[in-house]
Amino acid sequence: MSQDSKANIVQIKTEPGTTTSDSCTMSMTGVKMETDTPAPSKANSGGATGGKGNATAASATTSASPEVNSVDTKAVMKVEPGTSTTPKAPRNKKEFKPDELRQALMPTLEKLFRQDPESLPFRQPVDPKFLQIPDYFDIVKRPMDLSTIKRRLDTGQYTDPWQYVNDVWLMFENAWLYNRKTSRVYKYCAKLGEVFEQEITPVMKKLGFCCGTKHVFHPQVLCCFGKQLCTISRDATYFTYQNR
């Protein structure tokens, strides 16, 4: 250590009103000032001191640069116009017009209407009073029929082909849910389901879908092997008897 640096350190320590951080800053400044001015003698020691000062300054500059870049990036992101955080709708989803859906789907509905006598129980809404089935709406929560589907298709209430397909399958599911397998309505519904599946699949492929079949998982059902040979609906109440 040279006598000049010793003098600077002594002066920093004895100077009143300074703190440790101030002394460190002043000592670094003193060393940097000494290295900027070439010493007339002891060039090797001065060069070593100057190298340390340059390395310290370079490291300080390098560590400060990421903070500046992050601030600049945040500022650009805030000022950049046209940006939004809301998710955008998928571009590949096609929007169908009511006329397009009516022209494509109406032939499949007319095909169901022409099935005689299978379509007779499904052409109009179910009337529980006329049919003497007061518990119909207790079991069937969302009734559906062919005339309601036709009205929705004519008035443009469907915006997607699957809305129409789901209503048709809902009508079939209601019939399968309420009626026994041995009943006339259940058999008619099974026949209409086969016709509709054959008719709707080519139409859905033209509209850009794979098919019009609705796959539903049904758990194992309970059957009553009495005189009526009926199936017990899911979540329905039933009684069992044992002879002892």
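1. Leaving aside its neighbours within four places in sequence, which residues is T201 in contact with? Going by this predicted model, the list is C210, C211, G212 and T213. T201 itself has its place in helix α9, which covers residues 184-206. I'd start a look at the C-terminal part of the chain from here.

2. Staying with T201: is this residue buried or exposed? The cut-off for buried is under 20% relative accessible area, and T201 comes out at 18% relative accessibility, so it counts as buried. Its side chain also has a polar partner, reaching the backbone oxygen of E197 at 2.9 Å. Both the contacts with C210, C211, G212 and T213 and the link to E197 are worth having on screen together.

3. Next along is P202, also a residue of helix α9. P202 has 41% relative accessibility and therefore counts as partly exposed. From P202 to G212 is 10 residues in sequence, and the C-alpha to C-alpha distance is 8.3 Å. G212 is also one of the residues that T201 contacts.

4. Now to the helix packing. Helix α4 (residues 98-113) and helix α7 (residues 146-154) have axes that come within 10 Å of each other and cross at roughly 165°. That angle is why α4 counts as roughly antiparallel to α7. As for handedness, the crossing of α4 past α7 is left-handed.

5. Which residues make that contact? On the α4 side they are L101, R102, L105, M106, L109, L112 and F113, and on the α7 side L146, S147, I149, K150, L153 and D154. Sorted by class, this contact has nine nonpolar residues, one polar and three charged. If you colour by residue class, that split should be easy to follow.

6. α7 has a second partner in α8 (161-178). The axes of α7 and α8 are 10 Å apart, with a packing angle of about 170°. Again the angle gives the label: α7 is roughly antiparallel to α8 because of it. From α7 the contact uses L146, I149, R152 and L153, and from α8 it uses Y164, D167, V168 and M171. By class, that is six nonpolar and two charged residues, with no polar ones.

7. Which residues of α7 are buried? They are L146, S147, T148, I149 and L153. The cover over them includes α4 and α8. Among these buried residues, L146, I149 and L153 turn up in the contact with α4 and again in the contact with α8. As background, an α-helix has 3.6 residues a turn, so residues three or four places apart point the same way.

8. S147 deserves its own point. S147 lies in α7 and is among the buried residues of that helix. A polar atom of its side chain lies 3.2 Å from the backbone oxygen of R123. Neighbours within four places in sequence aside, S147 contacts F113, R123, Q124 and P125. Of those, F113 belongs to the α4 side of the α4 and α7 contact. Just to round off this helix, α7 is followed by G156, which has a positive phi, near 75°.

9. Finally, the overall picture. The protein has nine helices and two strands, in the order α-α-α-α-α-α-α-α-α-β-β along the sequence. It has 244 residues, of which 25% count as buried. For contacts between residues at least 6 apart in sequence, 61% join residues at least 24 apart.

Notes
Residues are numbered from 1 along each chain as its sequence is written. This is a predicted model: local features need pLDDT of at least 70, side-chain atom pairs count only at pLDDT 80 or more; totals for chains, interfaces and linings use all residues. Side-chain values use heavy atoms; hydrogens and water are left out. Axes are lines fitted to C-alpha atoms, for helices over the stretch in contact, and angles run from 0 to 180 degrees between N-to-C directions. Helices (H or I, at least four residues) and strands (E, at least two) are DSSP runs, numbered from the N terminus. Angles under 35 degrees count as roughly parallel, over 145 as roughly antiparallel, 65 to 115 as roughly perpendicular and the rest as oblique. A crossing is left-handed if the near helix is turned anticlockwise from the far one by less than a right angle, and right-handed if clockwise. Contact means heavy atoms within 4.5 Å. Ala, Val, Leu, Ile, Met, Phe, Trp, Tyr, Cys and Pro count as nonpolar, Asp, Glu, Lys and Arg as charged, and the others, Gly among them, as polar. A polar contact is a pair of N or O atoms within 3.5 Å; within protein, one must be able to donate a hydrogen and the other to accept it, and residues adjacent in sequence count only if both atoms are side-chain atoms. Buried means under 20% relative accessible area, exposed over 50%, partly exposed in between (1.4 Å probe, protein chains only).
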